[in-house]
Structures are given as structure tokens and as C-alpha cells.
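Dear colleague,

I am handing over the structure we spoke about, and you will find it directly below. After it I have set out what was found, beginning with the ligand surroundings and then turning to the sheet and a helix pair.

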Amino acid sequence: SGNKRLEEVKSLVSAHPDFPKKGVLFRNIFPVLRDVHGFKTLCDLIVEHIKSTSPDVELIVGLDSRGFLFGPIIAQLLGIGFAPVRKSGKLPGETYKVSYKLEYGEDSFEIEKSSIKQDQKILIIDDLIATGGSMKAACELVEKAGGNILQCFVVIELNCLNGRDKVNKPVHSLLTY
Ligand code: PRP
Ligand code: ADE
């Protein structure tokens, strides 16, 4: 069942108090990827979720860097392409850029202007939403580049930080804490 599979994945996510700063409870997704069955289960759950909620999605956009763990494999499983939102200074050619705040710092993101077609149907993916600053910035970039955002998808949502309230697009998550 869906619940059994969600529980399998959730049991593999580890928790680390006071990392990377005092007061932050860090949720680590990497043990899921280290477990071949757990990662397969997670990919199956994500693909099923997307096929049932956004069947007409045309491009997956993933956030630097943990969105890159899921974006390309999910895009391949769906038979569509992948494009990255990167920390600034890493992408060649013409880009759009925005600055943002996150749970434990500040950064800026860029997207290649050529990576999205006008009105292309986009699903944005990341491992986790905390304050929502990263996802909000990614949405701004995708819209600047002409994309039509169907949904923002994260594996993990940290409920107490209300990140989804900052994002003015539908936010879907598999696991909540
Ligand atoms: C983490 C995480 C999300 C973001 C969530 O990435 O992977 O992208 O923070 O935080 P927010 O909702 O408060 O914006 P981080 O910036 O630590 O970079 P990384 O993926 O390179 O580890
Ligand atoms: N990114 C922002 N906050 C985080 C947290 N608590 N755990 C893992 N990644 C994060």
C-alpha cells in the first residue's frame, strides 16, 4: 500500500540536531538513496504522484543541489526533459538571477534563459521545503523564463516553518515532519 511504502522511505530519513547550525534539526535524505529498495520505492511513489496530479507536465526543473538527486531520474521515468536551477555563477550563457533566504543562510539562484519554452508546463522538484525561500526563488526564475508552473514537489516538508505559505503555487509533499 501507499502508506507502507511511505513508512519505508520515512524510516530511512535520518535526523541531526544542531546541524549545520544550532537550533536546526537537519533531515538527511541520503540514507534513502543508499538503500537500493528504498530509493526504488521513493522513485515509484514520486512517479505515481506526478502521473495522478500533473499528467501533462512537460519539463522537470530541479533545485541545486539536492533537487538534482531526483529531477533527472524522475524526468527519465516520465519520458520528459530536466533543467537545473543552479546556485549563481555556475551556468553559462544568458541567465536570470534571484537572491533568496533559507533556513540557515542566504544565496542566489540562476536559470538559463534558453532552458524553458514559453508556457511550457513545469514541475519543480526538490528534496525538502523548510522556510520556502528556495522554492519561492525557483518559481520566480521559472516564470521569468516563461514557464507555466503546475506544481512544486518536495519529498520532505517541515510543517512548522510554513514554507508552503511563501510559495504562491501548489506545493505537494510525500513526507511531513
Ligand atoms: C536545502 C534543501 C532545499 C532548501 C530548503 O538546500 O535542499 O533546497 O535548503 O530550505 P528553504 O525552504 O528554507 O529555502 P541548501 O540550500 O542547503 O543546498 P544544497 O541542496 O546544496 O545542500
Ligand atoms: N534545508 C533547509 N532546512 C533543512 C533541514 N532542516 N534539513 C535538511 N535540509 C534543510
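By class, the shell around ligand 2 holds seven nonpolar residues and two charged ones, with no polar residue. Please keep in mind throughout that this is a predicted model. The residues that make up this shell are V24, L25, F26, R27, L102, E103, L128, A130 and L158, and strand β2, which spans residues 25-28, gives the most to the shell, with three residues.

The surroundings of ligand 1 are composed otherwise: by class, six nonpolar, six polar and five charged residues make up the shell. Of the 17 residues around ligand 1, those that come nearest are S65, L102, A130, T131 and S134. The elements that give two or more residues to the shell are β7 (121-129) and α5 (133-144), and β7 gives the most, with four residues. You may wish to look at L102 and A130 in particular, since both are listed around ligand 2 and also appear among the residues that come nearest to ligand 1.

Turning to the sheet, the model has an open sheet of seven strands with mixed pairing, in the order β5-β6-β4-β3-β7-β8-β9. The edge strands, each of which pairs on one side only, are β5 (95-102) and β9 (171-176). Averaged over the sheet and with direction ignored, neighbouring strands are turned by 25 degrees against each other. At the β9 edge, strand β8 (residues 148-157) and β9 pair in the parallel sense over five bridges, and the bridge partner of C152 in β9 is V171.

The last point concerns two helices. As a general matter, two packed helices are described by the angle between their axes and the distance between the axes. Here the axes of helix α3 (residues 36-53) and helix α4 (residues 71-78) come within 10 Å and cross at roughly 60 degrees, which makes α3 oblique to α4. The crossing in which α3 passes α4 is right-handed. On the α3 side the contact is made by C43, I46, V47 and I50, and on the α4 side by I73, I74, L77 and L78. By class, this contact of α3 with α4 has eight nonpolar residues, with no polar and no charged ones.

With best regards

Note on methods
Residues are numbered from 1 along each chain as its sequence is written. Chains are lettered from A and ligands numbered from 1 in the order in which they are written. This is a predicted model: local features need pLDDT of at least 70, side-chain atom pairs count only at pLDDT 80 or more; totals for chains, interfaces and linings use all residues. A residue is near a molecule or strand if its C-beta atom, placed from the backbone, lies within 6 Å of it. Ala, Val, Leu, Ile, Met, Phe, Trp, Tyr, Cys and Pro count as nonpolar, Asp, Glu, Lys and Arg as charged, and the others, Gly among them, as polar. Two strands pair if DSSP finds at least two bridges between them. Axes are lines fitted to C-alpha atoms, for helices over the stretch in contact, and angles run from 0 to 180 degrees between N-to-C directions. Angles under 35 degrees count as roughly parallel, over 145 as roughly antiparallel, 65 to 115 as roughly perpendicular and the rest as oblique. A crossing is left-handed if the near helix is turned anticlockwise from the far one by less than a right angle, and right-handed if clockwise. Two residues are in contact if their C-beta atoms, placed from the backbone, lie within 7 Å.
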